[in-house]
Amino acid sequence: MMPDLGKYADVVLGSYAVSLTLIVLLVVVSIRRARKVRAELERVEGKGRSDG
Amino acid sequence: MSLWEYANPVKFIRTTDKVLPWISVLAVASLVIGLIWGFFFTPDDFRQGSTVKIIYLHVPSALMAINAWLMMLVASLIWIVRRHHVSALAARAAAPVGAVMTVIALATGALWGQPMWGTWWAWDPRLTSFLILFLFYLGYMALWEAIENDDTAADLTSILCLVGSVFALLSRYAVNFWNQGLHQGASLSLDKEENVADVFYFPLLVCIAGFVLLFIALVFLRTQTEIRARRTRALMARERMA
């Protein structure tokens, strides 16, 4: 199934490894920060309501 | 319905919440199909051998690196002219995505260039303007972080974005301007003679669609996050004043 990449296997596989790792990291960091900020806003809004 | 309705943060979050899952699914599907098609089911190029498979990452990421900055330019202009916070926050949200796309384009370009040109890097007009564009991304993100007042940060980063747009356009057209250096002209062209062969072109189009959809999904998600972060800061500031 794996195509024969010949003498360029290192650079082709390296390109895919670097790119996919960076994309996955970007997605994971974005989702984690989105969850964290959403929870923080809910906490601050909840606190505001209970104080007010 | 007017486009400016989406300048309302609540309306923006409500609308993007509805479309985000669909765009995300389409982005993943396009990327998976395009990359599998390109990697496993396309032949080697008669000159470049198997390195041609790098095109499915290099071209879409380079396109997005430039277009992300142009999207930031439009959003910055909207902020400067109409003072809509959502547009300034959308520009802020797009910057890290554009920066990652630029790194991918630079890294895959270096990996592709080594066997084809015999060097990882050359001070070629397109490569150099791309590197400067990356530095502009870093400067833009650093400026947002360095300034506490959101409106001041939006003003200054918008001006920086206008200046950086020169390099975004330069990185696209540098080859045409100077007609020198190692990097060839555009891979995609309406001229059949200049365009890449169909066997590479169609999977490449699917990959480009995947990168565009991924960019849109990430910008929507990150803009929502910036809107919520801004509201949190405002509420906490109000609390401190009380």
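Residue I132(B) is found in helix α4 of chain B, in a predicted model of a complex to which the predictor assigns an ipTM of 0.92 and a pTM of 0.92. I132(B) is partly exposed, because 16 other C-beta atoms lie within 10 Å, and the helix that carries this residue offers a starting point for describing chain B. Helix α4 of chain B covers residues 125-146, and the 31 Å between its end C-alpha atoms agrees with the 32 Å that its 22 residues should span at 1.5 Å a residue. A number of residues in α4(B) are buried, among them P125(B), R126(B), L127(B), S129(B), F130(B), L133(B) and F134(B); F136(B), Y137(B), Y140(B) and W144(B) are also buried in this helix. In α-helices there are 3.6 residues a turn, so residues three or four places apart point the same way.

The chain to which this helix belongs contains 6 helices and 0 strands, and, when read along the sequence, chain B follows the pattern α-α-α-α-α-α. Chain B averages a pLDDT of 91, with 91% of the residues scoring at least 70. A compact globule of 242 residues would have a radius of gyration near 18 Å, and the 20 Å of chain B agrees with this. Taken along the principal axes, the C-alpha atoms of chain B fill a box of roughly 70 × 35 × 30 Å. Of the 242 residues in chain B, 43% are buried, and among the contacts in chain B with a separation of 6 or more, 79% are between residues 24 or more positions apart.

The picture for chain A is given by a secondary structure of 1 helix and 0 strands. Chain A has a radius of gyration of 22 Å, whereas a compact globule of 52 residues would have one near 10 Å. The C-alpha trace of chain A spans about 70 × 20 × 5 Å along its principal axes, and 13% of the 52 residues of chain A count as buried.

The contact between the chains takes 23 residues from chain A and 29 residues from chain B. On the side of chain A that touches chain B, the residues divide into 13 nonpolar, 6 polar and 4 charged.

The largest nonpolar core has 70 residues, of which A68(B), A94(B), V97(B), L133(B), F215(B) and V219(B) touch the most other members. The elements that give two or more residues to this core are α1 (9-51) of chain A, together with α1 (9-40), α2 (55-82), α3 (85-117), α4, α5 (150-178) and α6 (198-241) of chain B. The largest share of the core comes from α3(B), with 17 residues. Leaving aside neighbours within four places in sequence, V219(B) is in contact with A90(B), A93(B), A94(B) and V97(B).

Helix α2(B) has 28 residues and reaches 39 Å from its first C-alpha to its last, close to the 40 Å expected at 1.5 Å a residue. Just after α2(B), R83(B) takes a positive phi of about 60°, and this residue is found in the loop between α2 and α3 of chain B. Most residues other than glycine have a negative phi. R83(B) counts as partly exposed because it has 13 C-beta neighbours inside 10 Å. The C-alpha atoms of R83(B) and I132(B), which are 49 residues apart along the chain, are separated by 28 Å.

Two residues of helix α5 illustrate opposite surroundings. I159(B) is found in helix α5 of chain B and counts as exposed, because 12 C-beta neighbours lie inside 10 Å. The C-alpha atoms of I159(B) and V212(B), 53 residues apart along the chain, are separated by 25 Å. R172(B) also lies in helix α5 of chain B, but this residue counts as buried because it has 20 C-beta neighbours inside 10 Å, a number at which the cut-off of 20 or more is met. The C-alpha atoms of R172(B) and F130(B), 42 residues apart along the chain, are separated by 8.6 Å, and F130(B) is itself one of the buried residues in α4(B).

Terms used:
Residues numbered from 1 in each chain as written. Chains lettered and ligands numbered in written order. Predicted model: local features only at pLDDT ≥ 70, side-chain atom pairs only at ≥ 80, totals over all residues. Contact = placed C-beta atoms within 7 Å. Nonpolar A, V, L, I, M, F, W, Y, C, P; charged D, E, K, R; others polar. Helix = DSSP H or I, 4+ residues; strand = E, 2+ residues; numbered from the N terminus. Expected span 1.5 Å × (residues − 1). pLDDT = per-residue confidence, 0-100. Core = buried A, V, L, I, M, F, W, Y, C linked by C-beta atoms within 7 Å. Rg over C-alpha atoms; globule rule 2.2 N^0.38 Å.
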